[in-house]
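Biologist: I would like to learn how to read a protein structure step by step. Could you walk me through one?

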Amino acid sequence: MRLIMYYQPVVSMRDGVASCQGVIGFEALIRMAHPQRGILTPAVFAEALDHPRLARRIGCFVLDAVLAQGEQWHRDGLPLRMSMNISARHLLDPEFLNDLRTVLAAHPDIAPEMCEIEVTESAPMLDFPRAQETLLVCNDLGLRIALDDFGTGSASLSYLQKLPAQTIKVDQSFVRNILNDPRDFAIVAGVMTTANMLGLDVIAEGVETIGHLQLLETLECHAMQGYLFAKPMPAGEVPAWVNNFNHLDYRSNSSTTAQNSAEYNE
Ligand code: G
Ligand code: MN
């Protein structure tokens, strides 16, 4: 039984914005390779991820694996942003910043500016001052910060004001319903306005259909992630996927192509 990283693309629907052929970067998602049960998602081993004695070890494994992979892709001419999910327990651990500095020093061929850490509201909820201070140092080190699952918690808007962040990831639960629930559409529209005024990037998560894509674009949301583009994939599939990506395949007049390529990626 071992832990491996899968990678899901974050793409831009606009020309010339993303650094790598319309692909902004990849979010690293942890998986467990089980000898009998195959590739398992974190739902199955959630306890371990938040275990007092395991959270930091797993967190360090993720940091190192993802930066090593990002460094490799950068050397191979794929300047992809690497996004990592950091558990509340690891972020609040007294050793977190040391762990981060160590791993950045071990992978000098990827710039910290090409790395992003994704945090949910759980760390700031547990210890706001510590989370705030830690994230400020992360920014000082050059890393970007994304607020993950945005909108699902209770204190989102005040967090936006007080936490350093460059990106908001709108939770898939809102994105999924924008086509049929005007309230979810209103929430995403509100997040877009707020983010624009604060100068933050927005990534819509859980984009599953061309319809979602089109509606998001009417809200000026052009950065997206979801099954429409690709499910999380093993690292080995990433270079070919990036080379095949073309945002024009997802325009309405070529929606069949997009559908085909989404199936192709499953
Ligand atoms: O917490 P976070 O938002 O980082 O979780 C990402 C998870 O969401 C991953 O496990 C990934 O497999 C899943 N996911 C990514 N894109 C989609 C999508 O378009 N639809 C659904 N249902 N799940 C998705
Ligand atoms: Mn995430």
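Modeller: Happily! Helices (H or I, at least four residues) and strands (E, at least two) are DSSP runs, numbered from the N terminus. In this structure, for instance, Ser-83 lies in strand 4, which spans residues 81-85. Please keep in mind that this is a predicted model, where local features need pLDDT of at least 70, side-chain atom pairs count only at pLDDT 80 or more, and totals for chains, interfaces and linings use all residues. Residues are numbered from 1 along each chain as its sequence is written, chains are lettered from A and ligands numbered from 1 in the order in which they are written, and side-chain values use heavy atoms, with hydrogens and water left out.

Biologist: Is Ser-83 buried or exposed?

Modeller: Buried means under 20% relative accessible area, exposed means over 50%, and partly exposed is in between (1.4 Å probe, protein chains only). Ser-83 has a relative accessibility of 4%, so it counts as buried.

Biologist: Which residues is Ser-83 in contact with?

Modeller: Contact means heavy atoms within 4.5 Å. If we leave aside neighbours within four places in sequence, Ser-83 touches Phe-26, Glu-27, Ala-28, Glu-116 and Glu-118.

Biologist: Where does Phe-45 lie, and what is it in contact with?

Modeller: Phe-45 sits in the loop between strand 3 (38-40) and helix 1 (46-49). With a relative accessible area of 6%, Phe-45 is buried. Its contacts, again without neighbours within four places in sequence, are Leu-3, Ile-30, Arg-31, Met-32 and Leu-40. As for Met-32, it is 13 residues from Phe-45 in sequence, and their C-alpha atoms are 8.2 Å apart in space.

Biologist: What about an exposed residue?

Modeller: Try Arg-57, which is placed in helix 2. Arg-57 has a relative accessible area of 62%, so it is exposed. Its C-alpha atom is 8.8 Å from that of His-90, and the two residues are 33 residues apart along the chain.

Biologist: How should I read the sides of a helix?

Modeller: An α-helix has 3.6 residues a turn, so residues three or four places apart point the same way. In helix 4, the buried residues are Phe-96, Leu-97, Asp-99, Leu-100, Val-103 and Leu-104. They cover an arc of only 155° around the axis, so they are on the same side of helix 4. The arc is that of the directions from the helix axis to the C-beta atoms. Thr-102 and Ala-105 are exposed residues on the face of helix 4 turned away from its buried side.

Biologist: What do the buried residues of helix 4 pack against?

Modeller: They pack against helix 2, helix 3 (88-91) and helix 6.

Biologist: How do I describe such a pair of helices?

Modeller: Two packed helices are described by the angle between their axes and the distance between the axes. Axes are lines fitted to C-alpha atoms, for helices over the stretch in contact, and angles run from 0 to 180 degrees between N-to-C directions. Helix 2 (residues 55-75) packs with helix 4 (residues 96-106) at an angle of about 25°, and their axes are 10 Å apart. That makes the two helices roughly parallel (angles under 35 degrees count as roughly parallel, over 145 as roughly antiparallel, 65 to 115 as roughly perpendicular and the rest as oblique). The contact uses Arg-56, Cys-60, Leu-63, Asp-64, Leu-67 and Glu-71 from helix 2, and Phe-96, Asp-99, Leu-100, Val-103, Leu-104 and Ala-106 from helix 4.

Biologist: How do helix 4 and helix 6 cross?

Modeller: Helix 6 covers residues 128-140, and its axis comes within 11 Å of that of helix 4, crossing at roughly 15°. These two helices are therefore roughly parallel to each other. Here Phe-96, Leu-97, Leu-100 and Arg-101 in helix 4 meet Thr-134, Val-137 and Cys-138 in helix 6.

Biologist: Which residue has a positive phi of about 55°?

Modeller: That is Gln-21, although it is not a glycine. Gln-21 is in the loop between strand 1 (2-12) and strand 2 (23-34), and at 44% relative accessibility it counts as partly exposed. Asp-149, also not a glycine, has a positive phi of about 50°. Asp-149 is found in strand 6 (residues 144-150), and with a relative accessible area of 28% it is partly exposed.
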